[in-house]
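Biologist: Please take a close look at one part of this model for me. I would like to hear about the nonpolar core and what surrounds it.

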Amino acid sequence: MAETSSAKKPTLNDQERDLEQQAFIEFQKADYHACYQTLQKLLKTQDSNSKVLHNRAVVEFYNSDLRRYDQFRSAMIQQTGLVGEIRTVEVKDRESCAAYVNQAIVLYHFKQPLAALKIMLVVMAHFDRLDDYLLRRAGIFTVHLLLDTNQPKKANRLLGMLQNRLGIQVYAILSDSDEDEPLIDNESRKDISELQFEEFRKEFRLILIRSNLLNGKKNMSIPLEDTSEYSILKGHQYFLGNDYQMAAKELSKQFTNEPVSVNRHGEDQNTILANNMGVIHFSVKHYALAARFFQQALLFDKSATEDTSTERVEGSPLYCVGATKRPEILYNHGLALLHLQRPKEAFECMLIVLNSNHNNPRLWLRLAECCIMVHRQEKQAQNTSICHGTVGCGVHRKYVLNPSPKTAVPEGDQSLAIPATTLEFGALCLRNAVALLEYHEPELIRQTESSDKTVAWDKVYEGVPCNPSLPMKLVSFNKLKCAVLAAYSYVLNTLGEYSLALKYAKQMLTMKDLPQSYLLLSHMYAAEALIMMNRPLEAITYLEPKFITELASDDFGMRASPHWNINSADAARSVMHYNRAVVSFLIGDYEQAKIAMNSCNHPLVMPYLKMLNVYQELLLGNYDKVQLLIRYDTPHLI
């Protein structure tokens with residue numbers, strides 16, 4: 001925290017300078033009561049000096065054991081004038097930077113890292129004019145914010161600037177030997193004590209390792225210390241190198257340091273370890289184990305933070321407020337539950353995350369996938385037999401065929417904006433995802449094509465922000481766009497919005513290097529929309545035999561989910577042949593329909609093929625064959 005500054009203002013006389021220096025020394029010794037008394041004396045002659053008023057607010061806050069943060073926050077707002085939603089920040093002079101840093105720290109602990117970062121980026125614009133005492137704290141804090149908001153490139157550039165300005169020797173930072181040259185030269189550390197220097201050294205070392213790992217430097221050396229901090233970083237290094245067994249082993253060590261707790265450090269060690277173990281198991285597709293670890297992490301987090309909620313509770317120190325990791329863990333837990341085919345529980349997890357990360361297109365897609373999965377599970381539970389029942393008996397017996405699926409119609413008094421696992425809400429989620437993708441796409445393409453390497457450190461492009469997950473580059477962006485368009489076209493077809501479904505299916509076909517699985521879906525959804533719009537002659541152009549035979553097998557095996565039935569090229573071809581047979585019947589080309597039906601040899605389409613066989617025999621007037629097909633399919637109704 002930026003507490004006080006030893007810089008001297010020209011308006012102070014000798015006695016006032018002595019009082020200022022005395023207050024600074026007392027603050028360094030943690031004698032906050034004496035420091036407060038000294039500042040009170042100084043205020044008798046400097047009652048309008050903003051720097052002295054700021055320092056008094058800081059000392060009062062420290063004297064309350066960091067508990068009166070509402071009072072402290074109000075004092076900082078008076079200094080900076082930043083109230084409510086922060087849109088623009090302007091730091092006029094170097095002397096006022098400390099107040100802005102302190103307000104950013106309060107915002108960070110109140111789970112507003114982006115607002116805090118907006119302030120700190122403006123403060124860092126005064127990088128060359130900040131004194132070393134403030135720069136050490138403000139610089140490390142800004143790097144921390146950048147890493148927390150998934151902006152590692154900017155963090156790495158800022159760390160390089162700090163190393164040059166403070167004379168930090170990178171080659172010595174990872175060494176535990178006292179014989180190495182000092183980390184910082186003596187001139188730049190003259191204003192801090194040995195204890196403060198050691199704390200800064202440890203913090204800088206941890207933040208440097210973390211930044212390097214997030215920037216893809218997997219082979220860097222990490223100190224061999226059996227403490228939780230370094231073991232977590234080492235586990236992260238193994239994880240990035242796909243050595244999941246060693247990553248789990250590293251996190252299972254017995255640590256030599258005192259356990260990190262919320263009450264003393266603002267974080268809970270057990271919560272972090274359980275969450276990281278869950279991520280490791282998720283990466284090797286052990287979703288049930290991953291979900292169990294995420295549940296444990298949620299329990300640890302609740303136990304650690306039950307006395308220090310994110311609400312404004314004066315009984316908790318500032319570093320305990322906002323210490324919960326619940327949104328991030330719930331995001332991971334929701335993904336694991338979605339893979340376990342438990343969409344309703346996953347939906348509840350994702351909804352909570354949505355409160356703080358509503359600009360994440362991935363999150364909107366996951367919510368929509370929960371809605372689609374619930375719909376499909378309900379659909380699979382329906383009867384797939386040809387015959388629904390019988391009416392009458394003997395020669396008067398009549399068979400009642402299963403009705404065709406009906407288009408879902410929402411109840412009149414139900415708002416579609418109310419979160420629920422319905423296709424209507426899923427369509428709303430996908431519309432938001434499409435809007436976000438369209439908003440970010442032009443800038444992403446422009447930055448990808450740009451080759452300017454001289455851009456300022458705070459203007460480095462990181463990709464499309466997707467907090468709490470990593471930002472997207474062009475390749476991952478295109479993958480997400482494919483998934484969103486495919487899901488949106490499916491949902492719109494199911495809801496009867498055929499013109500929009502056709503629009504997004506065609507838009508998917510215009511994408512470069514479209515995977516075979518999405519190529520199949522785009523053709524199917526476009527054909528379905530055209531059929532429902534009574535345009536079968538156009539629909540059959542999307543189901544050409546040449547396209548069907550060219551479907552590659554590798555793509556379906558690699559990309560398909562185990563729970564998606566079209567996980568092979570044979571299944572894909574059978575589905576397409578079945579759809580072509582349906583369209584052929586609609587345009588009256590019975591010979592082509594029969595050829596397409598004979599090509600349907602995968603078990604996936606058999607339940608639908610038998611109904612199509614009944615339709616064919618009815619068209620041809622073969623009623624005896626229809627009865628025979630029904631008896632074979634539903635012998636219990638004979």
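Modeller: What follows starts at the core and then moves to the salt bridges, a second core and the surface. Keep in mind that this is a predicted model.

The largest nonpolar core has 96 residues. Leu 367, Leu 430, Val 484, Val 491, Tyr 518 and Met 576 have the most contacts inside it. Helix H20, residues 474-495, is the top contributor to this core, with 13 residues. Two domains supply residues here: domain 2 (258-357) and domain 3 (370-404 + 422-449 + 465-633). The core therefore lies between them.

Take Tyr 518 as one of its well-connected members. Setting aside neighbours within four places in sequence, Tyr 518 touches Cys 482, Ala 483, Ala 486 and Met 508.

Apart from this core lies another one, of 63 residues. Val 52, Ala 57, Leu 82 and Leu 146 are among them.

Now the charged pairs. The structure holds 15 salt bridges. One of them joins Lys 481 and Glu 441, at 3.1 Å from N to O. This pair links distant parts of the chain, 40 residues apart. Lys 481 sits in helix H20, and Glu 441 sits in helix H19 (residues 423-449). Lys 481 has a relative accessibility of 13%, so it counts as buried; the cut-off is under 20%.

Another bridge stays within one helix. Arg 573 and Asp 570 meet at 3.3 Å, N to O. Both lie in helix H26 (residues 569-586), three residues apart, about one turn of the helix. Arg 573 is partly exposed, at 24% relative accessibility. Elsewhere, salt bridges with shared partners join Asp 226, Glu 250 and Lys 253 into one network. Within that network, the closest N and O atoms of Glu 250 and Lys 253 are 2.8 Å apart. Glu 250 is buried at 8% relative accessibility, whereas Lys 253 is partly exposed at 32%.

Next, a buried leucine. Leu 162 lies in helix H8, residues 152-166. Its relative accessible area is 1%, so Leu 162 is buried. Beyond its neighbours within four places in sequence, Leu 162 is in contact with Phe 127, Leu 135, Gly 139, Ile 140, Val 143, Gly 167, Ile 168 and Phe 204.

Last, the surface. Tyr 590, Tyr 615, Leu 619 and Leu 620 form a nonpolar patch there, with about 360 Å² of accessible area together. Helix H28 (residues 606-620) gives the most to the patch, with three residues. Tyr 590 belongs to helix H27, residues 590-598. At 36% relative accessibility, Tyr 590 counts as partly exposed.

Definitions and conventions. Residues are numbered from 1 along each chain as its sequence is written. This is a predicted model: local features need pLDDT of at least 70, side-chain atom pairs count only at pLDDT 80 or more; totals for chains, interfaces and linings use all residues. Side-chain values use heavy atoms; hydrogens and water are left out. Helices (H or I, at least four residues) and strands (E, at least two) are DSSP runs, numbered from the N terminus. Buried means under 20% relative accessible area, exposed over 50%, partly exposed in between (1.4 Å probe, protein chains only). Contact means heavy atoms within 4.5 Å. A nonpolar core is a set of buried Ala, Val, Leu, Ile, Met, Phe, Trp, Tyr and Cys residues joined through side-chain atoms within 4.5 Å. Domain bounds come from an automatic or database domain assignment. Patches are made of residues with over 30% relative accessible area and no salt bridge: like charges are joined within 9 Å, nonpolar side chains (Val, Leu, Ile, Met, Phe, Trp, Tyr) within 5 Å. Accessible areas come from the Shrake-Rupley method with a 1.4 Å probe; for residues, only the protein chains shown count as cover. A salt bridge is a side-chain nitrogen of Lys or Arg within 4 Å of a carboxyl oxygen of Asp or Glu.
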